[in-house]
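The following exercises concern strand pairing, surface charge and residue exposure. Please work through each task with the structure at hand before reading its solution.

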Amino acid sequence: MRKFGSVLAAAMLTAGVAYAQDVNGEDADEQRLETVTVTGQLSDFGATKTTTPILETARSISIETEEQFRDKGALTLAASFDYASGVDAGTYGPATRGDFASIRGFDAAEYRDGQQVLFGYYNNTRTDIYMLEQVEVLKGPASVLYGKGTPGGIVNAVSKLAGPDKTNEVVFDIGTNERYQAAGDFNLQLSQNVYARLVGVYRDSGTQVDRVNDDAVILMPSISYDNGTTRLTAMAEYSDRDSDTSSQFLPLTGTGCVSGQVTITPAIVCANATGEEIDPSTYHGEPGFNRYDTDSILVSLLGSHEFSPNFSIDGIFRYKDGEADYRQAYLDFLGAGTPRIDADGKGTRTFYRSDASSEQAALDVRARYTFSTGALDHEVFVGAAYQDVTTSSRYIYAGGIGSFNAYNPVYTGYPAAFDDPSNFYDPGDTQTEDYGVYINDQISLDAWKFNIGVRYDDTETKTATTTQTDDATSFSVGALYAFDNGVSPYVSYAESFEPAIGLDGFTSQPLKPREGEQWEAGIKYQPPGTRTYITAAYFEIEETNLPNPASIIGQPDSQQEGTGTSKGVEFEALTTIGDWYLEGNLSLLDTESPNGIPFDSIAEDQASAWVQYQPETGALSNFKTGVGIRYLGDNESNGLGLVGPVRVVTDGVVLGDLLIGYETENWDLTLNARNITDEEYYGTCLARGDCFPGEQRSVVARIARRF
C-alpha cells in the first residue's frame, strides 16, 4: 500500500533528508520512512546533472513527484507548476498549443530527461503529464550545464522508464468538458537484469472553449538493462495529438473593457464597448479549417557505467522528429489601442495556416570522478555536448476577410487559397548546431560545500540567406555551509547566454548574444529527525544586450543597449505532522524591462498552499482529502499605438482546488476539482488588443487499479 507519508518523504530524499530519529528502536515515523523509495531523488539525468542532494546544492530547485501533482489534480505539465514558487504557466489560460512556463519572470526552456525537447514555436508535440514520474525546476541561469538559454531557469520533465520495482496500473478518467481518458503503465522483468515498460494514453476530450478538442494517442515503450554497475535504457515515444487552439485572442472591446478586473488606459481604447461581454467559451475560429494537430517520434538512449567506486561515465542520446498542422482564424489585430471590432461587435478576420516541423539529434556524455586532495573531497564531472536542430515552417496568412460578429459568431467558410500548397511562403529551413564542453566540481570541506563550474559553447545558425556564429563561456560558483542544527545558508552566482539572430541596425554586425547573470543568497532548513523542509532565497538577475529601450526618429533600430532586471524573494515549506501534509509557497518579484516598466504579463506576486489529510490507521484509513489555494497577482501589458502609450492591468485572482479520494494497495478512487468556486477571470489582457480567459472549474473522477 502506498503510504501518504511517502509523498513528503520522497521530496525529502531530494533534499538529502530521508532519515528519522532512532528513538526506542523503530518508531512509527522511522518505519514509514524506511518504506520509501527514491521516487523524487535527482538522478544523473536530472536538472542538475548530479545526484548531490538539494540540501547541499547552492541553488533553488523545486520538484513535484507524480503522486504530488496527481493528488493536486494537474492534467497538464503546465498545471504541475501551480504549487511551485517563482514559476507561472497559467498566464495565457489553459493553452492547448504548449506549456508556456516562466521562471523568475523569464521564459523557461523545456527539457526531457536532461535534454531540451522543444525548439521554436508550434512545430512539435507537447509533453503529456501521464508519461512523467516527476517534474524538476532549476531556477536561475543554467548555461554552465546546458549551454544557451534564458536566465530564468529550466523545466526538466523526467520520463517513466523501465527498471526494477515498478508498479503496474490501469487508469480511467471522466470529467468536465466531456473528458474521457484511459491510460496504462505496464512493467515486466524479462530476465535477471532486464526490464521492460509500456506507458500509454488514449484521450477523447473537449475543452472549455466551444469546438476545441484535446484528443491524444501516446505510446512510450522502454527497455532497461541494470546489473548494478552498468545501466542502459532505450526509450521511444510516439505521440499523436489532435486539437485546436484554446487561445481565441478575444478582443479587448468585449472582454477587458467591460470587466471590473481589468484597467485600461487611455479610455479611447474601449470606445466601442457597449457593456456586452464575450462569453469565455466563444469560438472565433472557422469550423473545418481550424486545427492544431501534431505528431512526433522521440527516441532516447540513456546509459551509465561504473568502472570503479570513484569513476563512472554516463550519457544520453536523443532523436526527435515532430510535425504540426496549425490553422487558425481570429479577429484582425489593428495595432495597440485601436479597437478590433465596432460598436455592433463586428470586425474582419485573419486566416493563418502553417505546416511546421522540427528535427533534433543531440548527445551529452560526461565522466565522473571522486577523489580527495588533503581535507577537500571532490566530485568532478567533465562533459561534452552536441546538438543539431532543424526547424521549418511553410505558411500562408491573409487578413481583412469577411465580416464577423464577436458576440454572435456566424461561420462563413475560409478562402480556397489556403488549400493550395503552391500559395504557401517557404522561407527555408533553419539549422542550428551547438557544441559544448564543460567541467563541474562539487567540493566538500567538513560542513562546507562548494561548487564551481565552467562551460564553453559554440553555436552556428544557418538560414536560407545567412549564417551566424556565436560562442560564449559560462561560469557558476556557489558556497553552502551545513550546520548541525539543519540550517544551511548559501550564496551563488551563475551566468547564461542566448543567441540573438540578426544584424545590429547601427553597425550592421551580427547581434551579440543576450547575456544573463544572477546572484542568489538563501537558507535551506531541515530540522534533524523531522520530515520538514523549508527554503528561502533572494535573487537578482540582470539580462543585457536586449532591444534598445527607445528608438530615435531617423536612426536605425539597435538591439544591444537594453537591460532587463528581475529581483525577488521565494519561500517554500513542506512538512508532515502525523497524518497531515502541509505545503506553502510564496514568491515576490520586482521586474523592469529596458523601457523601465514591468515585464509583460508577469505576475509579480504569487502564493499557494496545500493541506492534505490521509490517515494511516483507524476508521478513516485509506481515505484522503486535500484542499489547495492559489493566488496569482496582478500583471500588466504596455504598448504604443496611434493613441499613444497603452497600458492594460489585469487583476490577480484566488483559486481553490479540492481532492477527495480512497486509496488501498490495489485501488485508487479520486475526485479532483480545480477552481472549485468557478471564478471567472482573465489570465492576462494584452495592450495589442486581446484577452485570455483563465481556467474554468474542472472536475475529474479517476479510478486506478494497481497490480
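The model is predicted.

**Exercise 1.** Determine how many bridges join strand β29 to strand β32, and identify what β32 and β33 form.

*Solution.* Begin with β29, residues 623–632, and β32, residues 653–663: these strands run antiparallel and are joined by 10 bridges. Within this pairing, Gly626 has Leu659 of β32 as its bridge partner. Next, consider β33, residues 667–674, which pairs with β32 in the antiparallel sense over seven bridges. Here Ile660 is matched with Leu671 of β33. Finally, three residues lie between β32 and β33, and the two strands form a hairpin.

**Exercise 2.** Classify Glu679 as buried, partly exposed or exposed, and state which surface patch includes this residue.

*Solution.* First locate Glu679 in the loop between β33 and β34 (682–686). Its relative accessible area is 34%. Buried requires under 20% and exposed over 50%; Glu679 is therefore partly exposed. Glu679 also contributes to a negative surface patch, together with Asp210, Glu277, Asp279, Asp678 and Glu680.

**Exercise 3.** Assign Pro427 to an exposure class, and state how far apart Pro427 and Tyr481 are in sequence and in space.

*Solution.* Pro427 is situated in the loop between β19 (376–405) and β20 (430–445). Because its relative accessibility is 33%, Pro427 counts as partly exposed. From Pro427 to Tyr481 the separation in sequence is 54 residues, and the C-alpha to C-alpha distance is 54 Å.

Conventions:
Residues are numbered from 1 along each chain as its sequence is written. This is a predicted model: local features need pLDDT of at least 70, side-chain atom pairs count only at pLDDT 80 or more; totals for chains, interfaces and linings use all residues. Side-chain values use heavy atoms; hydrogens and water are left out. Two strands pair if DSSP finds at least two bridges between them. Helices (H or I, at least four residues) and strands (E, at least two) are DSSP runs, numbered from the N terminus. Patches are made of residues with over 30% relative accessible area and no salt bridge: like charges are joined within 9 Å, nonpolar side chains (Val, Leu, Ile, Met, Phe, Trp, Tyr) within 5 Å. Accessible areas come from the Shrake-Rupley method with a 1.4 Å probe; for residues, only the protein chains shown count as cover. A salt bridge is a side-chain nitrogen of Lys or Arg within 4 Å of a carboxyl oxygen of Asp or Glu. Lys and Arg count as positive and Asp and Glu as negative; His and the chain ends are not counted. The place of a charge is taken as NZ of Lys, CZ of Arg, CG of Asp or CD of Glu. Buried means under 20% relative accessible area, exposed over 50%, partly exposed in between (1.4 Å probe, protein chains only).
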